Structures are given as structure tokens and as C-alpha cells.
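Q: Please take a friendly but close look at one part of this model for me, and then set that part in the context of the whole chain. I would like the terms spelled out as you go.

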Amino acid sequence: MNYTVVIPAAGEGKRMNAGKNKLWLELNGKPLIVHTLSVFQNDPQCEAIIVVVNPAEKQEMASLFAGLGLSKAQQLVAGGAERQDSVYKGLEACESEGIVLIHDGARPFVTTELIGRLTAQAKESGAAIPGVPVKDTIKKASDGVVMETLERSSLWLVQTPQAFRLSLVKAAYEDAGKAGVTATDDASLVERLGHPVTIVEGDYDNIKITTPDDLITARAILANRREGEQG
């Protein structure tokens, strides 16, 4: 199932404490954003990659992508004040109707197998997101006091890419904009419209690199994958 992917890459990554956009941090000799884009570059079903960037970094990123042969990343769109603004700008830049994926630039370990399952489900139902079952007990607390222990079997840790029919997710963004609503993820805006969102089981390796500790985990995942390929 062919698709376009929108990758917001304009954030500051403050929790990384790197003093710069964390997507420029190197992981095994390559910027983090390159690892992420390479997954989609190498997926035959991906028609185009739209990267939403900080305007000050646009030329530098364009040169980086061209130099590494990331030919699908030809559209670099200037981001907005918040992630939600940036994603909508990316959606507006989509040139073909159909399925669109929205994926964190700091999630370099998504697989084409998971992408295929998400796009197939989104074609059928309109909206599909990856998630993994919660492993630990989750408690709800207020002012340091436990209020409730949540039923773990119904809880999921949600990841990206999140896959949608383009017309549906654009309508969700436009409706949220008119209402002044912000959300923690793209699917939340689709949920506001009353449209069902299907969960597809994801992958525990599909981590988002947010803190310095995540870089340690990322290196371990890369080493494990290399060992698997050699074995």
C-alpha cells in the first residue's frame, strides 16, 4: 500500500540537553534524522517524505539529504510554533490523496513490516496507530498519593508512525484548530471527530530518543540488529 510520510523535525529536544536539535546528534556516525529517513527511503511503498524543519536548518538539512541520496525527501517544509502546527503544514504539503503516515523524526527503529501492517489497516478503517502492551503496573496518583491502580490489560504505550486517510486527518486537524484544541498525539484529534482508531501491535524496539539514556538504548538496539544480520 503506497503512502506519503510526514516527519516533524523542527523541535528543540530540550530534554536531551544537547544545546541543539537532537536530530543532528550522531548515532553510529550518522545523524539521528538520517537513520529515520533511511527506513522510508528504502521502503518501495513510500512515495514521498515530507520533512517539517526549522527554517534556520532547512538548507543544511537539504544538503545533508541530497548528499546521502535520500531522494524521496525533496519537500522540506518550514515548521510552526508547536508540533501540531508543524504537522498540519506537512499535511498541507501532501500532493496525493490516500494514506499518510505521521512519524517522529526521533524514532529510527521502525520497520517496514510494521509500516505495511499500519498502512493496510488505515486503508481499511481510516486510522491506525502502533502500540505495545504496558508491562508494568500503572497507578494514578494525586499529590503523591495513589488514587487508583489501573487495569493493565487495557493499557497500551502508543508509538508512531500513525497512519490515516489524508482527508480524515486533515479534517481532524482543521476542526481542532477552529476549536483551539491541542492534543498529545495525532490520533487524539481523529478521536475527537468520533472516528474509531485501530491499534496495531507495535515493536518495543521502536523507541523515541528523547533523553541521553535513550541514546545508550539505541546503540544497544543497533548492535543487536547487526548481530542478527551477521548470524
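What follows begins at strand 11 and then moves out to other parts of the protein.

A: Happy to walk you through it. This is a predicted model, in which local features need pLDDT of at least 70 and side-chain atom pairs count only at pLDDT 80 or more, while totals for chains, interfaces and linings use all residues. Residues are numbered from 1 along each chain as its sequence is written, and side-chain values use heavy atoms, with hydrogens and water left out.

Let us start with strand 11, which spans residues 162-165. Helices (H or I, at least four residues) and strands (E, at least two) are DSSP runs numbered from the N terminus, and two strands pair if DSSP finds at least two bridges between them. Strand 11 runs antiparallel to strand 6 (residues 99-102), and four bridges join them. Strand 11 also pairs with strand 7 (residues 127-133), again in the antiparallel sense, over two bridges. F164 is a good residue to put at the centre of your view: F164 is the bridge partner of V100, and F164 is also the bridge partner of A127.

Now step back along the chain from strand 11. P161 sits in the loop between strand 10 (156-158) and strand 11. The peptide bond that joins T160 and P161 is cis, with omega at about 10 degrees. That deserves a second look, because most peptide bonds are trans.

On the other side of strand 11 comes helix 5 (residues 166-179), which contains S167. S167 counts as partly exposed because its relative accessibility is 49%; buried means under 20% relative accessible area, exposed over 50%, and partly exposed in between (1.4 Å probe, protein chains only). From S167 to E124 the C-alpha to C-alpha distance is 14 Å, with their positions 43 residues apart in sequence.

Strand 7 leads on to another piece of the picture. V134 lies in the loop between strand 7 and strand 8, and V134 is buried because its relative accessibility is 13%. Leaving out residues up to four places away in sequence, V134 touches R152, L155, W156 and L157, where contact means heavy atoms within 4.5 Å. For V134 and L155, which are 21 residues apart along the chain, the C-alpha atoms are separated by 5.8 Å.

Next comes a hairpin. Strand 8 (residues 139-142) and strand 9 (residues 145-149) run antiparallel and are joined by four bridges; K140 has E148 as its bridge partner in strand 9. Two residues lie between these strands, and D143 in the turn has a positive phi of about 55 degrees. D143 is exposed because its relative accessible area is 77%.

N28 also has a positive phi, near 55 degrees, in a residue other than glycine. N28 is found in the loop between strand 2 (26-27) and strand 3 (30-31), and N28 counts as partly exposed because its relative accessibility is 41%. These phi values are worth checking because most residues other than glycine have a negative phi.

Two further places show buried residues. Helix 1 (residues 32-41) is mostly covered, with nine of its ten residues buried, among them L32, I33, V34 and F40. E57, in the loop between strand 4 (46-53) and helix 2 (58-67), is buried because its relative accessible area is 14%. Apart from neighbours within four places in sequence, E57 is in contact with A9, N21 and W24.

Finally, the whole protein. Seven helices and twelve strands make up its list of elements. Its radius of gyration, taken over C-alpha atoms, is 18 Å, which agrees with the value near 17 Å for a compact globule of 231 residues; the globule rule is 2.2 Å times the number of residues to the power 0.38. Along the principal axes, the C-alpha atoms fill a box of roughly 55 × 40 × 35 Å. Buried residues make up 44% of the 231 residues. Of the contacts with a separation of 6 or more, 73% come from residues 24 or more positions apart.
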